[in-house]
Amino acid sequence: MSTARCQSHNNLLCRPGGNEKLTHRLIELGRYLTETIPPSGGGNRRGQNEYCLVRPQNFAYNCATLIKKFNWPIWSGLLVSIFALLSYPLLFVNWPVTRDFPWANIALFVVAAFLLFVGIRRAFAPGRRRLSKILSALGALLSVLVLGMFILVAFIGSRWLPASTRAPQVSQKAPGFTLNDTNDKPVSLTELVLQPINGKPAKGVLLVFYRGYW
Amino acid sequence: MRSIQKNLDQFNAVGIRPVAISVDSPEESRELCQKAGYTFTFLSDPDLEAIGRYDLVHKGQGVKGHDISRPAEFLIDSTGTVRWRMLTENIWVRARPEQILEVAKALQ
């Protein structure tokens, strides 16, 4: 590591009187990281510029290259699949059309699958680093897990219900009960059936049993 | 529940009183009603009195592993007879208000 070379770099890492050994290592690291990146413009000769990671113009160039190299289809695919899972209980249950059958969520998973397919193809194209392949495969695997959770929540777990074979059938007498309302006042089924609604005699009661918010 | 609240005027117009039943305490139901703006009757059945009689107990499904009610709807006429019911096979699928109103209109 010659001082002359350092000066020619006008580099933050190459201040005279700095830690020569550390500087050398950093420069080597810089050389390794930017090996495949051609020097940026500005009339610099290659030898001068190729491993100056910290130089502002190179920093911008390297950032742009990283963004270009970033396998965005994989990670956006993962994000879309997470949204596809969470949006069912949090958003699409609000409309019967998207709740009775999760069309919207399945469509989102199809979009995610397309993005993952594009991303995987990109990651396993020739010239990609092994790290990129590993990370992309990991992203795709996580998305598959998210899809599995969705299938469990929307199609399998939601059907684990008791048989209720002794539930009153149509044209049978409905079993009576007396329960407290939200004012802690006991109310019986008979009262509910007989109490007039807005001054007119009631025709019936719709009992809605629900899971509760525990 | 949301769709029932939205159609509450129509239910009342055909003489039907919607009543929600769960294991939640009266305080919990009161909070829910205030937060969600529900104005129809909510009943509290922590001892599974009605839920048991209607054979709707879903064992161990509460957050603390306690028994709760499975989702179900019953339309009962003024003589106390069941005129329509829905025992869903999938917790995400519930009766639609239009469906219930249709049956309700046929009641005397």
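Biologist: Helices are DSSP runs of H or I with at least four residues, strands are runs of E with at least two, and both are numbered from the N terminus. How many helices and strands does chain A have?
Modeller: This is a predicted model, where local features need pLDDT of at least 70, side-chain atom pairs count only at pLDDT 80 or more, and totals for chains, interfaces and linings use all residues. Residues are numbered from 1 along each chain as its sequence is written, while chains are lettered from A and ligands numbered from 1 in the order in which they are written. From the N terminus on, the elements of chain A run α-α-α-α-α-α-α-α-β-β-α-β. The count for chain A is 9 helices and 3 strands.

Biologist: What percentage of chain A is buried?
Modeller: A residue is buried if 20 or more other C-beta atoms lie within 10 Å of its own, exposed if 12 or fewer, and partly exposed in between, with C-beta atoms placed from the backbone. Chain A has 214 residues, and the buried share is 25%.

Biologist: How far does helix α8 of chain A reach?
Modeller: α8(A) covers residues 130–156, which is 27 residues. The expected span is 1.5 Å times one less than the number of residues. That gives 39 Å for α8(A), and the reach from first C-alpha to last is close to it, at 37 Å.

Biologist: Which helices do the buried residues of α8(A) pack against?
Modeller: The buried residues of α8(A) include A:Ser136, A:Gly139 and A:Phe150. Two residues are in contact if their C-beta atoms, placed from the backbone, lie within 7 Å. In chain A, the partners of these buried residues are α5 (72–90) and α7 (103–123).

Biologist: Within what arc do the buried residues of α5(A) fall?
Modeller: Buried residues in α5(A) include A:Pro73, A:Leu78 and A:Tyr88. They line one face of the helix, because seen down its axis they fall within an arc (the directions from the helix axis to the C-beta atoms) of 165°.

Biologist: Which strands form the edges of the open sheet?
Modeller: Strands pair if DSSP finds at least two bridges between them. 7 strands form the sheet, in the order β2(A)-β1(A)-β2(B)-β1(B)-β3(A)-β5(B)-β6(B), with mixed pairing. Each edge strand pairs on one side only, and the two are β2 (186–188) of chain A and β6 (82–86) of chain B.

Biologist: Which residue of β5(B) stands opposite A:Leu207?
Modeller: Strand β3 (204–209) of chain A and β5 (72–77) of chain B pair in the antiparallel sense over 6 bridges. Opposite A:Leu207 stands B:Phe74.

Biologist: Which element gives the largest share of the largest nonpolar core?
Modeller: A nonpolar core is a set of buried Ala, Val, Leu, Ile, Met, Phe, Trp, Tyr and Cys residues joined through C-beta atoms within 7 Å. The largest has 34 residues, and A:Val208 and B:Ile21 are among those with the most contacts inside it. The largest share, 5 residues, comes from β3(A).

Biologist: Which residue of chain B is named in the second core?
Modeller: The second core is separate and has 17 residues. From chain A it includes A:Leu78, A:Tyr88 and A:Phe150, and from chain B it includes B:Trp92.

Biologist: Why does B:Phe40 count as it does, and what is its class?
Modeller: B:Phe40 sits in the loop between α3 and β2 of chain B. Because B:Phe40 has 17 C-beta neighbours inside 10 Å, it counts as partly exposed.
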